[in-house]
Amino acid sequence: MSAPLSKLPSGFISADEVLHDRLSAPEVRRLELKYGNAELLYGLELLGVAGPFSRVTPWELQDENGVRRINASGYAATPFGEMPPVLTGFLRQFLDQNRSMGLPQQSSAPWRAALEANLVRLLARELPSHADSQVFFCSSGTEAVEGALKFAKAFRPASKFQISFGSGYHGKTLGSLSLTPNPEYQDIFRPLVPGALTVPYGDLDALKALIRRVGPDKITCVIVEPIQGEGGVNIPPPGFLSGLGEYCRRHGIVVIADEIQTGLGRTGHWFESSAQGLDPDIITLAKPLGGGMTAVGATIARHDIYKKMLGGLSSKRHSNTFGGGALAMAVGLKSLEYLIENDLPARSLELGRLGLERLRAAQRNHPRLFEDVRGQGLLLAMQFQPMLGVPLPGVLKELVFEATALLALRELHQSGVMANLSLSSKRTVRLTPALDMPDDVFSALFDRVDDFARRRPVSRDLLTGTPPVLVARLAKFAASKPKKRTPSDG
């Protein structure tokens, strides 16, 4: 039976055309270059990683030429891979059977109630002090951080300053950007939200000294990633997080744990902050909660902090149109259920141990390619030696660092691995595979990393193995970007 003729005006694209793959890959790229973030797509096209890609299995994608690659990208937001059957099957049931309101902004709602309760129960199982905490839902990680900052400020209204850490990443909306100390992303938007202070990550003495210098009563909050993701998988020294929590608690300073990348199993623990001895006042969650299928963010705050901002007639002081929508809550509820029933944090811990062993072996075999490898659970990183082994001045050095990671990403792609860049660690490429990736696929992933390292055993090979015409085009593209670069990787 032929598809019905579209009644859309000429030139418009119907949903059926996209659903049935009648929009060709070249046409997709043409439209994106014309109407979307053209500079980003152009850069990805130069590297040969622009796609579009289609799903073969939850863990494997293929391009328009039928080349399959193992997907270890997704920036920790695809905990079960692409369109996992556990969620797609459930969504069919949801769409057929759900009768609750889609956007219950001014009423109670069963899906939201269930996810709120389950998140708090899960958190309280790890941190009993959160047994009476409350949840605010939104649609992204940066919104979750914005909410956390407002909760903290409402709780300590006379305070003026918020502390974050070097190489940290909390998002790109104005409040979260103010606490993401990266001039490359901040400078054009100044003045930012006032009061942002920064100390080196993992340096407890520096944090204490800053708090003493400013005055504890003037500090609203300290926001910290238990492991820095965009910073290149930076793991703090033992005792740092527990010491941070103890010192801030002594002075009444609100502690926010940004668990958007680390939370819900990625690092092998339900909450990495808890695993490192920190009992934060507020926790932000997002990426894995949507199961790679929808957008869900959550801010979980202690009862007294929550009530200070959203108590009584002030309960609409902070709101979100789509946060708590039935579809998002249903996916979040099912994702959390799947994580719990399959104990995926434990699986992440074991797979991560095996993956890190493979990366360490690769580093031992190819020390002129890999400067360092590190990881916790399935948050893994490869830091590359600079392509040019000669000292370079500031901006030029950072451009070479950035090019090192970009060409490494390209070479990994050619070896059949899709990986992630790190926004605040220019020479670092991350692997964030699905927590339920089958053993044989997981092993093949590292076989392909080994293949990449054998083909390019020295970091300069990343440059010399790239066609000169492509190097020239990439250099021209880089020259058109902002000249300021955030120092990274030494």
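Helices α9 and α10 run roughly parallel to each other, because their axes cross at roughly 20° and an angle under 35 degrees counts as roughly parallel. This description rests on a predicted model, in which the chain is divided into domain 1 (26-73 + 344-479) and domain 2 (91-342).

**The pair of helices α9 and α10**
- Helix α9 covers residues 204-214 and helix α10 covers residues 240-251, and their axes come within 10 Å.
- The crossing that these two helices, α9 and α10, make is right-handed.
- On the α9 side the contact is formed by Leu204, Leu207, Lys208, Ile211 and Arg212, which meet Phe240, Gly243, Leu244, Tyr247 and Cys248 of α10.

**The two domains**
- The C-alpha centres of domain 1 and domain 2 are 29 Å apart, and the contact between the domains takes 24 residues from domain 1 and 28 residues from domain 2.

**The nonpolar cores**
- The largest nonpolar core has 96 residues, and the members that touch the most others are Leu119, Leu244 and Met382.
- Helix α13, spanning residues 326-341, gives the most to this core, contributing nine residues.
- Because domain 1 and domain 2 both give residues to this largest core, it lies between them.
- Leaving aside residues up to four places away in sequence, Leu119 touches Val135, Phe137, Leu285, Leu289, Ala298, Ile300 and Leu336.
- A second core, separate from the largest one, is made of 20 residues, including Leu149, Ala154, Ala301 and Met309.

Conventions. Residues are numbered from 1 along each chain as its sequence is written. This is a predicted model: local features need pLDDT of at least 70, side-chain atom pairs count only at pLDDT 80 or more; totals for chains, interfaces and linings use all residues. Side-chain values use heavy atoms; hydrogens and water are left out. A nonpolar core is a set of buried Ala, Val, Leu, Ile, Met, Phe, Trp, Tyr and Cys residues joined through side-chain atoms within 4.5 Å. Buried means under 20% relative accessible area, exposed over 50%, partly exposed in between (1.4 Å probe, protein chains only). Helices (H or I, at least four residues) and strands (E, at least two) are DSSP runs, numbered from the N terminus. Domain bounds come from an automatic or database domain assignment. Contact means heavy atoms within 4.5 Å. Axes are lines fitted to C-alpha atoms, for helices over the stretch in contact, and angles run from 0 to 180 degrees between N-to-C directions. Angles under 35 degrees count as roughly parallel, over 145 as roughly antiparallel, 65 to 115 as roughly perpendicular and the rest as oblique. A crossing is left-handed if the near helix is turned anticlockwise from the far one by less than a right angle, and right-handed if clockwise.
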